Amino acid sequence: MRHEDPDPVDARLGARLSALRAQHGWSLDELAERSGVSRSTLSRTERAETSATAAVLNRLCHVYGRTMSQLLSEVEAEPAPVVRAEGQRVWADRASGFVRRAVSPPHPALRGELVEGRLSPGVDIAYDRPPVPGLEQHLWVLSGALDVTDAGTEHRLATGDCLRMRVFGPTRFRCAGPDEARYVLAVVRP
């Protein structure tokens with residue numbers, strides 16, 4: 001039994017996910033079938049009893065046709081054209097050690113966004129599908145080393161390297177060095 005209050009971001013995110021499911025007229029069982037996420041995980045996430053992992057959010061974004069930044073921006077107030085560093089949303093997948101900071105001011109009418117990612121040494125995150133098929137991504141490593149696998153090809157990236165990819169299938173991001181990997185991801189919706 002959970003005795004602490006849910007994290008405010010988890011609570012808003014859970015409410016938004018519940019609203020999206022209702023808009024589509026799907027039961028938890030139907031969403032579980034479409035997303036490949038268990039019914040119990042979906043239920044606990046919607047009730048903010050657990051924090052969604054990056055992999056779960058990725059699957060739900062795929063089903064709802066949104067990028068993760070779009071989904072996360074929907075739980076915030078109307079975005080401003082400028083987001084100061086202290087106001088940029090940070091989301092952490094506590095289970096894996098992945099930290100994501102939305103750098104760009106989010107806006108649903110724009111196709112591009114900038115995201116800062118940080119992976120702790122040894123973190124390995126696999127996505128079974130993109131949130132939006134055909135998503136264009138430019139990944140620029142600011143520090144550390146990162147192995148990125150796209151369409152079955154592994155790219156070993158070091159500080160300063162930039163990888164451009166158009167994502168249609170599974171991807172994998174792994175912190176390959178002894179230090180944290182920090183990168184900027186420019187995302188452009190098709």
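Trainee: So two strands pair if DSSP finds at least two bridges between them. With that in hand, which residue in strand 9 stands opposite V148?

Mentor: That would be F173. Keep in mind as we go that this is a predicted model.

Trainee: Noted! How many bridges hold strand 6 and strand 9 together, and in which sense do they pair?

Mentor: There are 5 bridges between strand 6 and strand 9 (residues 171-175), and the pairing is antiparallel.

Trainee: And what does V148 have in strand 7?

Mentor: Its bridge partner there is H155. Strand 7 (residues 153-157) runs antiparallel to strand 6, and 5 bridges join them. Another pair to look for is T149, which stands opposite E154 in strand 7.

Trainee: What happens at the turn between strand 6 and strand 7?

Mentor: The two strands form a hairpin with 2 residues between them, and A151 takes a positive phi there, near 50°.

Trainee: What's the strand order in the whole sheet?

Mentor: The order is 4-9-6-7, in an open sheet of 4 strands with antiparallel pairing. Strand 4 (124-127) and strand 7 are its edge strands, each pairing on one side only. From one strand to the next, the twist averages 10°.

Trainee: Why is strand 6 called largely enclosed?

Mentor: Because 4 of its 5 residues (146-150) are buried, strand 6 is largely enclosed by the rest of the structure. Buried here means under 20% relative accessible area.

Trainee: Let's hop over to S143. Where does it sit?

Mentor: S143 belongs to strand 5, which covers residues 135-143.

Trainee: Is S143 buried, partly exposed or exposed?

Mentor: S143 is partly exposed, at a relative accessible area of 27%. Buried would need a value under 20%, and exposed a value over 50%.

Trainee: What does S143 touch farther along the chain?

Mentor: Leaving aside residues up to four places away in sequence, S143 touches T159, E180, A181 and R182. If you'd like a distance to try in the viewer, the C-alpha atoms of S143 and A85 are separated by 19 Å, and these two residues are 58 apart along the chain.

Trainee: Which strand does strand 5 join through 6 bridges?

Mentor: That's strand 8 (residues 162-167), which runs antiparallel to strand 5. One facing pair is E136 and R166. Strand 5 also pairs with strand 10 (residues 181-188), again in the antiparallel sense, over 7 bridges. In that pairing, L139 stands opposite L185.

Trainee: Okay, helices now! How long is helix 1?

Mentor: Helix 1 (residues 8-24) has 17 residues and reaches 25 Å from its first C-alpha to its last, close to the 24 Å expected at 1.5 Å a residue.

Trainee: Which of its residues are buried?

Mentor: D10, L13, G14, R16, L17, L20 and R21 are the buried ones. They cover an arc of only 165° around the axis, which means they are on the same side of helix 1. On the face turned away from that buried side you'll find the exposed residues P8, A22 and Q23.

Trainee: Why would buried residues recur every three or four places?

Mentor: An α-helix has 3.6 residues a turn, so residues three or four places apart point the same way.

Trainee: What does the buried side of helix 1 pack against?

Mentor: Its buried residues pack against helix 2, helix 3 (39-46), helix 4 (54-64) and helix 5 (68-73). Just after helix 1 comes G25, with a positive phi of about 70°.

Trainee: And which residues are buried in helix 3?

Mentor: In helix 3 they are L42, S43, T45 and E46. Seen down the axis, they fall within an arc of 165°, so they line one face of helix 3. Their cover includes helix 1, helix 2 and helix 4. After helix 3 comes A48, whose phi is positive, near 60°.

Trainee: Last one: where is S35, and is it buried or exposed?

Mentor: S35 lies in helix 2 (residues 28-35), and with 0% relative accessibility it counts as buried.

Trainee: Which backbone atoms does its side chain reach?

Mentor: A polar atom of the S35 side chain lies 2.8 Å from the backbone oxygen of L31. The S35 side chain also reaches the backbone nitrogen of V37, at 3.1 Å. Not counting residues up to four places away in sequence, S35 touches L42, R59, L60, V63 and R129.

Methods. Residues numbered from 1 in each chain as written. Predicted model: local features only at pLDDT ≥ 70, side-chain atom pairs only at ≥ 80, totals over all residues. Heavy atoms only, no water. Buried < 20%, exposed > 50% of the residue type's maximum accessible area, 1.4 Å probe, protein only. Contact = heavy atoms within 4.5 Å. Axes fitted to C-alpha atoms, helices over the stretch in contact; angles between N-to-C directions. Polar contact = N/O pair within 3.5 Å; in protein donor to acceptor, adjacent residues only side chain to side chain. Expected span 1.5 Å × (residues − 1). Arc of directions from axis to C-beta.
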